Amino acid sequence: TIIYVPARSCMTILALSEIASAEPNAPKIKPKMTWAINFVVKNAKVGNMTKIWHYCNVYGTEEHPVCIGENCQIGSYSEIKPKVKIGNNCRMQSYAFIPEGVIIENNVFIGPRVTFTNDKYPRAGSKHWKRSETLLMPGCSIGAGSVISSEITIGANAVAGCDDGRS
């Protein structure tokens, strides 16, 4: 199921999980202007009161849907790939990139332009690609512009990407 929403608005999702799991012939929500797509949600389970802002891509597969908890905010121009799990009360600022294998627990803050990686040894054209996982524990914060390598865990209430003595 793909859901289109008009630009210049934020959609507060009250029960998107019901829409996303609807029958294949269910009507789609379409904008008045087809060129102004706010965001695309495909194969995702999204909790109540979650807000997805302008021009986001949130897409999973039938086997590996994206799961976003309740009362979250996903900033404009963010991308969330298949098999990502996001807990409740999380906030992602604009331009966040979250690939497969990232698990974000409750009450996590992700600053603008944060990028996660999921391949420790990337090679173009490699047939031996190995996706690795990253875990963000409850209450942690990731500072703006951080690049988070794969195969790590960021502990509960930790602060990453800043130099104020707390990380």
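Student: Where does Asn71 lie?

Tutor: Asn71 lies in the loop between β7 (66-68) and β8. Keep in mind that this is a predicted model.

Student: Why is Asn71 called partly exposed?

Tutor: Its relative accessibility is 45%. Buried requires under 20% and exposed requires over 50%. Asn71 falls in between, so it counts as partly exposed. Its phi is near 55 degrees, a positive value in a residue other than glycine.

Student: What is phi of Arg113, and where is its place?

Tutor: Phi of Arg113 is near 60 degrees, again positive in a residue other than glycine. The residue sits in the loop between β14 (109-110) and β15 (115-116).

Student: Why does Arg113 count as exposed?

Tutor: Arg113 has 52% relative accessibility. The cut-off for exposed is over 50%. The value passes it, so Arg113 is exposed.

Student: How do you know that Arg113 lies over the face of Tyr95?

Tutor: Arg113 is at 4.0 Å from the ring centre. The distance limit is 6 Å, and the charge must also be within 35 degrees of the ring normal. The distance fits, and Arg113 is listed as lying over the face of Tyr95.

Student: How many aromatic pairs does the whole structure hold?

Tutor: A search of the whole structure finds 2. One of them joins Tyr55 and Tyr77.

Student: What makes Tyr55 and Tyr77 a stacked pair?

Tutor: Check two values. The ring centres are 5.3 Å apart, and a pair needs them within 6.5 Å. The planes are at 25 degrees, and stacked needs under 30 degrees. Both tests are met, so the pair is stacked.

Student: Which parts does the pair of Tyr55 and Tyr77 tie together?

Tutor: Tyr55 is in the loop between β5 (50-52) and β6 (56-59), and Tyr77 is in the loop between β8 (73-74) and β9 (79-80). The pair therefore ties together parts that are 22 residues apart in sequence.

Student: Are Tyr55 and Tyr77 buried, exposed or partly exposed, and why?

Tutor: Tyr55 has a relative accessible area of 37%. Tyr77 has 43%. Both values lie between the 20% and 50% cut-offs, so both residues are partly exposed.

Student: Why are Tyr77 and Tyr95 called stacked?

Tutor: Their ring centres are 5.1 Å apart and their planes are at 5 degrees. The limits are 6.5 Å and 30 degrees, so the pair is stacked. Tyr95 lies in the loop between β11 (91-92) and β12 (97-98), so this pair ties together parts that are 18 residues apart in sequence. Tyr95 is partly exposed, at 37% relative accessibility. Tyr55, Tyr77 and Tyr95 form one aromatic cluster.

Student: Why does Thr50 count as buried?

Tutor: Its relative accessibility is 0%. Buried means under 20%, so Thr50 is buried. Thr50 is found in strand β5.

Student: What does the side chain of Thr50 reach?

Tutor: It reaches the backbone oxygen of Gly47 at 3.3 Å. It also reaches the backbone nitrogen of Cys72 at 3.2 Å. The limit for a polar contact is 3.5 Å, and both distances are within it.

Student: What makes Ser146 buried?

Tutor: Ser146 has 10% relative accessibility. That is under 20%, so it counts as buried. Its place is in the loop between β17 (141-142) and β18 (147-148). Leaving aside neighbours within four places in sequence, its contacts include Arg113, Thr115 and Gly161.

Student: Why is Val159 called buried?

Tutor: Its relative accessible area is 17%. The cut-off is 20%, so Val159 is buried. It lies in strand β20 (residues 159-160).

Student: How do you know that β13 and β16 pair?

Tutor: They share 3 bridges, in the parallel sense. Pairing takes at least two, so these strands pair. In β16, the bridge partner of Ile104 is Leu136.

Student: What makes β4 and β19 edge strands of the open sheet?

Tutor: The sheet has 6 strands, in the order β4-β7-β10-β13-β16-β19, with parallel pairing. Strands β4 (44-46) and β19 (153-154) each pair on one side only.

Student: Where does pLDDT stay under 50?

Tutor: It does so over residues 1-23 and over residues 29-37. The chain mean is 78, and 73% of residues reach 70 or more.

Definitions and conventions: Residues numbered from 1 in each chain as written. Predicted model: local features only at pLDDT ≥ 70, side-chain atom pairs only at ≥ 80, totals over all residues. Heavy atoms only, no water. Helix = DSSP H or I, 4+ residues; strand = E, 2+ residues; numbered from the N terminus. Buried < 20%, exposed > 50% of the residue type's maximum accessible area, 1.4 Å probe, protein only. Phe/Tyr/Trp six-rings, centres within 6.5 Å; stacked < 30°, edge-to-face > 60°. Polar contact = N/O pair within 3.5 Å; in protein donor to acceptor, adjacent residues only side chain to side chain. Contact = heavy atoms within 4.5 Å. pLDDT = per-residue confidence, 0-100.
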